[in-house]
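Welcome to a short guided tour. Open your viewer, keep the selection box handy, and follow along stop by stop.

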Amino acid sequence: MRRRAVLGMGLALPVLVTACHRPPAPSGPAAGGRYLIGGAYQMGGVWSYPKEDFGLQETGLASVVADPRAGRRTANGEVHDPALLTAAHRTLQLPAILRVTNLENGLSLLVRVNDRGPQHPGRVLELSRRAADLLRIPAAGGAQIALAVEPGLSRALSATSPQHVSTVLAVATAPRGALEGEALAPLPGTRSQAGPAASPPGRRAAEEVAAPAPPPLRLPEEVATLPPRPGRMVIQAGTFFNRADAQRQAARIGARVESHGPSRRPEYRVRLGPYASVAQADTALEAVLRSGLSEARILID
């Protein structure tokens with residue numbers, strides 16, 4: 001009996017030591033995440049239609065994640081940690097890397113989008129607590145931001161996700177037909193010139209499908225300072241290439257039509273505002289959404 005008690009105490013010691021040590025956050029497949037686009041879904045009374053987009057640029061209002069607790073699973077299976085620089089977006093592929101800039105103070109940093117949201121239809125992005133702190137966005141949210149997908153980093157995440165790795169490996173290991181060749185002597189009067197050694201076919205194929213290293217799960221807290229450029233809050237209720245269609249929708253909700261783009265193929269935007277406060281913009285957006293225009297959104301002009 002005494003011997004068993006000694007063994008029990010010996011086994012308990014490593015557990016206590018491990019509990020006091022917090023290992024660094026894992027990255028890549030070890031974090032449990034996967035590449036996800038997903039189908040249409042409804043959140044906050046508005047339908048969203050996810051798609052892969054490596055060139056997305058948007059402006060709007062940011063919110064801060066309401067639940068500060070760590071441990072829940074995000075939409076693509078990663079573990080939420082409020083200390084990481086992460087965010088939620090309604091339609092982007094997951095994960096993706098964004099450059100987010102607070103237009104009100106010029107602070108800018110990279111965040112990892114790994115969840116769906118925001119719940120509020122008048123917000124374009126929901127930030128983790130740490131990302132919001134670094135950008136100096138209050139917990140109540142509503143700060144003016146600009147976001148842009150970092151295409152290189154985001155493509156690296158796409159290429160190295162668990163679901164995409166299997167496709168890449170299938171291409172790399174596909175059977176190839178054997179090639180036979182014969183070395184011929186140089187023609188008379190010509191000189192042979194040694195060129196760079198050619199890589200074997202298998203190596204070339206592996207190099208072509210090899211993806212660049214993805215960014216780490218824990219992005220560096222590197223905050224850039226840009227000139228502040230706050231803008232006007234407006235509601236965009238629709239975009240058309242036909243002026244008559246835009247005017248019909250504008251008349252329905254009491255909005256105006258603004259032309260944009262080259263004169264040979266202009267784009268007609270249906271807009272309301274500007275609004276002096278976030279509360280006014282939210283109230284106006286709710287009215288537009290109730291009219292059935294589910295694609296209406298707040299943006300910064």
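Which residues does V111 touch, not counting residues up to four places away in sequence? Select V111 and look around: the list is L85, T86, A87, A96, I97, L98, V100, L127, A131 and L219, where a contact means heavy atoms within 4.5 Å.

Before moving on, a word on the model. It is predicted, so local features need pLDDT of at least 70 and side-chain atom pairs count only at pLDDT 80 or more, while totals for chains, interfaces and linings use all residues. Residues are numbered from 1 along each chain as its sequence is written, and side-chain values use heavy atoms, with hydrogens and water left out.

**Stop 1: around V111**

V111 sits in strand β6; strands are DSSP runs of E with at least two residues, helices are runs of H or I with at least four, and both are numbered from the N terminus. Its relative accessibility is 0%, so V111 counts as buried (buried is under 20% relative accessible area, exposed over 50%, partly exposed in between, with a 1.4 Å probe and protein chains only). Now add E221: V111 and E221 are 110 residues apart in sequence, yet 9.4 Å apart from C-alpha to C-alpha.

**Stop 2: the cavity**

Select V65, R72, T74, H80, T86, A87, A88, N114, D115, E126, L127 and S128, which line the largest cavity. Elements giving two or more residues to this lining are β4 (86–88), β6 (107–115) and β7 (125–127), and β4 gives the most, with 3 residues. The volume is about 60 Å³. On a 1 Å grid over the protein atoms alone, a cavity is a set of points where a 1.4 Å probe fits but cannot get out, and lining residues have an atom within 4 Å of a point.

**Stop 3: helix α7**

Select residues 278–290. At 1.5 Å a residue, the 13 residues of α7 should span 18 Å, and the end C-alpha atoms are indeed 18 Å apart; the expected span is 1.5 Å times one less than the number of residues. Colour A281, D282, A284, L285 and V288, which are buried. Seen down the axis of α7, the buried residues fall within an arc of 170°, so they line one face of the helix. On the other side, A279, T283 and R290 are exposed. The cover over the buried residues includes β10 (233–240), α6 (243–253), β12 (267–275) and β13 (297–300). Finish at G292, just after α7, with its positive phi of about 105°.

Notes: The arc is that of the directions from the helix axis to the C-beta atoms. On a 1 Å grid over the protein atoms alone, a cavity is a set of points where a 1.4 Å probe fits but cannot get out, and a pocket is an open set with protein on both sides within 12 Å along at least five of seven lines; lining residues have an atom within 4 Å of a point. Grid points are joined across faces, edges and corners, and a volume is the space filled by probe spheres set on the points.
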